[in-house]
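Work through the exercises below with the sequence and the model in view. Each task is followed by a solution in steps.

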Amino acid sequence: MHRVTCQSCRATKSCVFLLGNRFFREMMALDRPNSYSRSNTAVFKGVDLHSRTNNTEHHTSEISVDQLIVRRGQPFILTLKLAQPFNPDLDQLIMTAETGNYPSETRGTMSRFGVPNKVPASASSKAVWKAELQKGSSPETGSLTLTIKPPADAPIGEYKLSAKHKEEEQVLANLSVLFNPWCSDDWVFQPDDEQRQEYVMNEHGVIYRGVDNYISQMHWDFAQFEEDMVKICVKILDMNLKHKRDPAEDVSARCNPIYVSRVVTSMINNANFGGILQGSWGSDFRGGVPPSHWSGSYAILKQWYSSFYSSVKYGQCWVFAGVMCSVMRLLGIPCRVVTNYQSAHDTNRNLTVDTYFADYGVRAKESKDSVWNFHVWVEGWMRRPDLAKNNKYDGWQVLDPTPQEKSDGMFCCGPAPVTAILNGDTHLKYDVSFVFAEVNADCVCWLVKKDGTMDKISTDNITVGQNISTKSISSNKRMNITDSYKQREGTEQERSVFRYALDRLKSEATGEGDTGGSGEKVLSGTSEMNTTDPVRTAETNKPSQLIIQFKEDSRPVNGGDVNLKLILSSESTVTRLLSVNISIQAMRYTGQPAGNIQTEVTEQKLLPGQDLSIPILVPFLTYHKYMIVSQSLNVSVIITDLQNKENIYLAETRIKLMDPPISITVLGEAVVGRELTAEVMFMNPVKETLRNCTLTLSGSGLFTGEIITNLPDLQPSNRIRVQFPMFPYRSGERSLMVDFDCSSFRDIKASCTVYVK
């Protein structure tokens, strides 16, 4: 590349010249130096890709203004300079667009088209590109301004664009083609501009965690427009197993967002070869960082790409979902992150989850089935003509990159139409039955006695699938979308859908239906299914019902004692003598116990017409060591009527402790390229020294990567204040993300919005 000054405008421009015996005097400004192959030629002189203009029109200028990135189904322009006049009546420019290592017109990965269009496309050609000569061209001087349009069904990816004229062929550009949610012919078309701005263009989001009655939010930096994200996302597609088995077919199939999104779900996790993130749901995170460390996607994707595609350690469901959302938005598929509370993992596909309690109150054994405090997946927006021709299943599709069960032999899940989940169409692909169970399964509780026998305590038909949440459009408020997934609990319609879904699964098990693309058949379960009750209910149908409630005076905070009250009441007219067994366990968010914290057994008298209040105290020093690696406390109570020991009652609640507060203050006005100072403050709330303290800062447009700072030990009741500089490099609304980690508290998060001019 030569740096010159254009004599007409006196502006310095990056220009490419074809070098012969002398420099050509006619120069063309190029947006990207490597977009034109330099070779001695008597026909082609230069090309202007108008990358800034094209990318702005194609909504890709946030990614780059130098590299040409266009969306399919939408025209872009380029100006080609020939060494001699061009006569459209006599001459013809033949252009070729190709992608992948095995380009083929019949597969849609290569297209030949002419200017003027005298190149007939064969009947077997797919994804035919078109070009027209713009009226503003000057063919008599050899200056051709062309309008080129990739079809709305072109495979996405990296393309080589070349031109042939007078037996001489020249590569004009390397460009990227993405899905186009602005194009009505594209299967990912999203007609609402507010939704396009939120689900494609917004680089920042909120992911919901906690438990259903303690919903907490964490800000997530999707950063889909950061440097090299196009290369990273295309490499993700190239690394998938289907590409390795049949690269020609895989690249051809990238015309289909159904196929692409399914590939992405399989590549986010490393349970399949070459995946981005390694999952870990225990407490050993050696060789990496805990999943709770991450605040955004770019650091993960950049590490995977820079390490020659070694899996990054470690992730859990919200990390998998956050990374997948970034990839989907970059590729042009509208995408949002969704959290399901009390999310069932039904391994045997019988719509039932079994939980086992010992007669002394704690969970007796692990079940293959489980109910997670929460589970996070993504939804992608696309048409589903493969399922119905009447657009019935178009719209939001569940895609789950967390490796749970295999689907068609691989750990992936979806796309499953949300409409199909709502209607109980568990026979449809992909993996509708699995997601239906996540939001609808029944919970059966069993009492395991000392002799090993089991009694069914209760069937809970309500708990699973609560407060299904996503970020609202244009705000950080939580939007409850439960009604789009399931019928209202307690209605005949809900019960009817459940029966219909179960019947479909039974038909599959007997070979009367397909597997919905899941690759599995239904297995028989240990639990009984009551499919005749008109309304599903959580009552246990025992005589002399006992009403059990948990109440708290204030929201529990990690670092302080937890105080609850167990409230018992009954409509009985006589005094009841009760054995009350209260157990506290540390729980992982996957619903599995991480440790028994304390157990207390007392005998209590419940007087007729009166409430019995039993205080529950869990001191910080008692629960502290368990909560460093756990996400919630599980408080369970088993109550036995001592006057009739056949009457046994169970209740439980989960408590998510609030993190101690951390504050961020931005000092001064934020301007691109100008130093900006931010300040972080944190006070030690406990009576012990905090050791191994680190502060991690991140934020797209503010930092090019994570900034990790080691801090000194923090004494009890002492406060630490850290100031640090930033140099914003992109304008607009930016999110500054802060993570504080130490020996006693794992990854306390905070964020603030920075408006950069």
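A residue counts as buried when its relative accessible area is under 20%, as exposed when over 50%, and as partly exposed in between. The model used here is predicted.

**Exercise 1. Decide whether M229 is buried or exposed, and find its surroundings.**

Step 1. Place the residue: M229 belongs to helix 3, which covers residues 229–238.
Step 2. Apply the cut-off. The relative accessibility of M229 is 0%, so M229 is buried.
Step 3. List the contacts. Apart from neighbours within four places in sequence, M229 touches A223, Q224, Y298, L301 and L330.
Step 4. Check a distance. M229 and L331 are 102 residues apart along the chain, and their C-alpha atoms are separated by 9.6 Å.

**Exercise 2. Classify D228 and H59 by accessibility, and describe their backbone.**

Step 1. D228 sits in the loop between strand 13 (214–221) and helix 3. H59 sits in the loop between helix 1 (51–57) and strand 4 (69–71).
Step 2. D228 has a relative accessible area of 26%, so D228 is partly exposed. H59 is also at 26% and therefore partly exposed.
Step 3. Neither residue is a glycine, yet phi is positive in both: about 70° for D228 and about 60° for H59.

**Exercise 3. Check the length of helix 8 and describe its setting.**

Step 1. Helix 8 has 15 residues, which at 1.5 Å a residue should span 21 Å; its end C-alpha atoms are 21 Å apart, so the two values agree.
Step 2. Helix 8 takes in residues 317–331 and lies across strand 16, strand 19 (370–382) and strand 20 (395–399). Its angle to strand 19 is about 5°.
Step 3. As for burial, 15 of its 15 residues are buried.
Step 4. Just after the helix, G332 has a positive phi of about 105°.

**Exercise 4. Find which residues touch the most other members of the largest nonpolar core.**

Step 1. This core has 65 residues, and W318 and L331 touch the most other members. Helix 8 gives the most to the core, with 12 residues.
Step 2. Beyond four places in sequence, W318 has contacts that include I207, M218, W220, F374 and Y589.
Step 3. A second, separate core holds 60 residues, among them Y623, L697, L711 and V756.

**Exercise 5. Give the strand order of the open sheet of 6 strands.**

Step 1. The order is 23-20-19-16-26-27, and the pairing is antiparallel.
Step 2. At the edges are strand 23 (416–417) and strand 27 (478–480), each of which pairs on one side only.
Step 3. Strand 16 (residues 335–345) is joined to strand 26 (residues 466–471) by 2 bridges. Y341 has Q466 of strand 26 as its bridge partner.

**Exercise 6. Locate two cis peptide bonds.**

Step 1. One joins V115 and P116, with omega about -10°. P116 is in the loop between strand 7 (110–115) and strand 8 (130–133).
Step 2. Another runs from G414 to P415, with omega near 5°. P415 is in the loop between strand 22 (410–411) and strand 23.

**Exercise 7. Which stretches call for caution?**

Step 1. The chain averages a pLDDT of 87, and 89% of the residues score at least 70.
Step 2. Over residues 1–39 the pLDDT is below 50. It also stays under 50 over residues 514–541.
Step 3. Where pLDDT is low, predicted coordinates should not be read in detail.

Technical notes:
Residues numbered from 1 in each chain as written. Predicted model: local features only at pLDDT ≥ 70, side-chain atom pairs only at ≥ 80, totals over all residues. Heavy atoms only, no water. Pairing = 2+ DSSP bridges. Helix = DSSP H or I, 4+ residues; strand = E, 2+ residues; numbered from the N terminus. Contact = heavy atoms within 4.5 Å. Axes fitted to C-alpha atoms, helices over the stretch in contact; angles between N-to-C directions. Expected span 1.5 Å × (residues − 1). Buried < 20%, exposed > 50% of the residue type's maximum accessible area, 1.4 Å probe, protein only. pLDDT = per-residue confidence, 0-100. Core = buried A, V, L, I, M, F, W, Y, C linked by side-chain atoms within 4.5 Å.
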